[in-house]
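User: Could you zoom in on one part of this model and walk me through it properly, with the cut-offs spelled out as you go? I'd like to see how neighbouring pieces pack, and what goes on in the loops that link them.

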Amino acid sequence: MKIKSKFWLVVAATLVLSGCSTSVERLDAQQQIDLSGAWNDTDSQLVAREMVDDALSRAWITKFVKTQGKDPAVIVGRIKNLSHEHINTNAFIANIERELINSGEVQFVASSGARQEIRDERADQDLNATEATRKEMGQEYGADYMMQGQINTIIDVDGTTQVRFYQVNLELISIKDNRKVWVGEKKIKKLVKNSKLRE
Amino acid sequence: MHKILIITLFVLLSTGCSLQQYHNNELADQLQQQKPEKILSTLQEKDPGDTDIAQYYLNLGYLQLLTGQFDPAIKSLTHAEKEMQSLAAISVTENVAAGTVNETFRKYSGYPTDRVMVHNMLALSYLFNNDIEGARVEMLQADVAMKKLVSGRQLNGQLASTHLLSAMIYELLDERSNAFISYQSAESILTQRKATLPEGLKLGLLRMSKKMGNDQQYAKYSQKFPSLVQRAKTNKQVFSLYFDGVVSNKVERTVMVPSHDHGQLIRISMPAYDKQDYRLQRLKMSDGQQQVRSDVIENIDSLAREDLDREYPSILLLTTTRAIAKYELVQRGHEQSSLVGTLLNIATVLSEIADLRSWNMLPATIQFSYLDTNADNVIVSSVNDIDHKISLSKGTQHVILTTSLTDKVFHYQQ
């Protein structure tokens, strides 16, 4: 009888402890999962896609192609994080860059940081590469437009309930004359309810 | 009989975990005499108890900030902040344990002051790590935390130092409207507390109302602070924060009385603060032409006492309820046998411990001073009579952080 009760005790303890162990599940990167209500990869991807789609569907691009006879060259500049969260804007910028490049409707120029690295490489080639393979300085493709913007939030709190309102503003500015040719805005609103009880 | 022995053993063993709080308090007391680096290394050698995680990381993060380890400070303070956030909900099991054994069975979820102050310390860590945008995020989060805590007309968790720090950060980012609102919020809290406004805050209100072209407000503040209006135009701004002393630790007040029939001992332990014996010391800052003294923007020692005052009725209620429950348990033990009753009585007396946990390494006061200058350097004189010469040659806006606990001076410039 004693042995039996000890057996069930061990079984129960194993079951309880197994509930505390770490588990890993692979997920589809496109799957929408909201855990805390904070800005996440889904927001970043959705906003980048919708805003780039909007930017490329406006009149500025057709006007440019008509007058210049080529696709516009775009660069993504700084996107300021003015929100309540520590958002990695680099991930968001990477999403925008990907959407712009994959659209095939614009030329894309590397960011200032990446350009500097390439210039260093060209300077190195200038000294060390053969005449036939050397890439010359001064042949860079200059961008026509720069995309800049900011992420803002407004948070309304009442006890354990929060309304989180995200507003992403992007604008496309002509590098030649500082004209703004496109201004886009995307809003996301989330209602977050935290439990009043925990384990 | 076996069950009783197991309960007694469990209660006594778990009480051992509660003793950690006494070591933490000793360590905080040593901060007055020893360098933060030494206290930090002692703290790092300890493992945080499961119920003290937030307190451990709050102290750890603060010491890392004081020793100039900004990245680890951000990591530790963020950990503490997340832990406190997750503990905002009520735990039934912890409440049962707190109601039957003692309050230290409840996980430390931070007092209102801690929940806001953690953002101040995070913002400073980001700022001196040259990430002003990170500091701005923390100030916005502090604002949300304060909105969550505000109740009626009470100043529960409302910190003037947080608004002042927000105003400084907004001013550095040239967000004039936000800076002015934050200076006004700091003024409002200090006025409600009937505290003296620091001269640096008055200057901030004058400067921002003028910069924004808000003539009505500028006229109002000019009338209110006439001696500060006539100032020559300068090209550099120096914001100086000074952390003075260490906040008081809680102490245990215990009463032990025999029951009416002398059948058992009843122990009641409550947390309290000793009489305030903090001696305010100020920081001097001079550019050779003018000298300013730091003024208190936040008296954390008083805030900690207010936080306990606010919680006192519920602690008292729980302590007396627990005393009744323990009395009943020992009575039932005595009904079985006098040995069982005695064992249970020993366990209930030994397990009765007051919860003395708090963010006990914070400064006693946060002080602020401000200087408009054309000089290339300023001299900051701390209480240890050590003069620090700070170069202002790079940039036009400077934030300096000094503390009475270390000779280190942190300097942000842009």
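Analyst: First, a bit of vocabulary: helices (H or I, at least four residues) and strands (E, at least two) are DSSP runs, numbered from the N terminus. This is a predicted model, so local features need pLDDT of at least 70 and side-chain atom pairs count only at pLDDT 80 or more, while totals for chains, interfaces and linings use all residues. Residues are numbered from 1 along each chain as its sequence is written, chains are lettered from A and ligands numbered from 1 in the order in which they are written, and side-chain values use heavy atoms, leaving out hydrogens and water.

Let's take the helical stretch of chain B that starts at α7. Two packed helices are described by the angle between their axes and the distance between the axes. Here the axes are lines fitted to C-alpha atoms, for helices over the stretch in contact, and angles run from 0 to 180 degrees between N-to-C directions. An angle under 35 degrees counts as roughly parallel, over 145 as roughly antiparallel, 65 to 115 as roughly perpendicular, and the rest as oblique. With that in hand, α7 (residues 112–128) and α8 (residues 132–149) of chain B pack at about 170°, their axes 7 Å apart. The pair α7(B) and α8(B) is therefore roughly antiparallel. On the α7(B) side, the contact includes Pro112(B), Val116(B), Leu122(B) and Tyr126(B), while on the α8(B) side it includes Ile132(B), Met139(B), Ala142(B) and Leu149(B); contact means heavy atoms within 4.5 Å. Sorted by type, the residues of this α7(B)–α8(B) contact come to 13 nonpolar, four polar and two charged. For that split, Ala, Val, Leu, Ile, Met, Phe, Trp, Tyr, Cys and Pro count as nonpolar, Asp, Glu, Lys and Arg as charged, and the others, Gly among them, as polar.

Moving along, the loop between α8 and α9 of chain B holds Val150(B). Val150(B) is partly exposed at 42% relative accessibility; buried means under 20% relative accessible area, exposed over 50%, partly exposed in between (1.4 Å probe, protein chains only). Not counting residues up to four places away in sequence, Val150(B) touches Asn156(B) and Gln158(B). Thr402(B) lies 252 residues from Val150(B) in sequence, and 30 Å from it in space, C-alpha to C-alpha.

Then comes α9 (residues 160–172) of chain B, whose 13 residues reach 18 Å from first C-alpha to last, close to the 18 Å expected at 1.5 Å a residue. That expected span is 1.5 Å times one less than the number of residues. In α9(B), 13 of the 13 residues are buried, so the helix is largely enclosed by the rest of the structure.

Now for the backbone oddities. Most residues other than glycine have a negative phi. Following α9(B), though, is Asp174(B), with a positive phi near 60°. Asp174(B) sits in the loop between α9 and α10 (176–192) of chain B, and Asp174(B) is partly exposed, at 48% relative accessible area. Lys194(B) is another non-glycine with a positive phi, about 55°. Its place is the loop between α10 and α11 (199–211) of chain B, where Lys194(B) counts as exposed with a relative accessible area of 76%.
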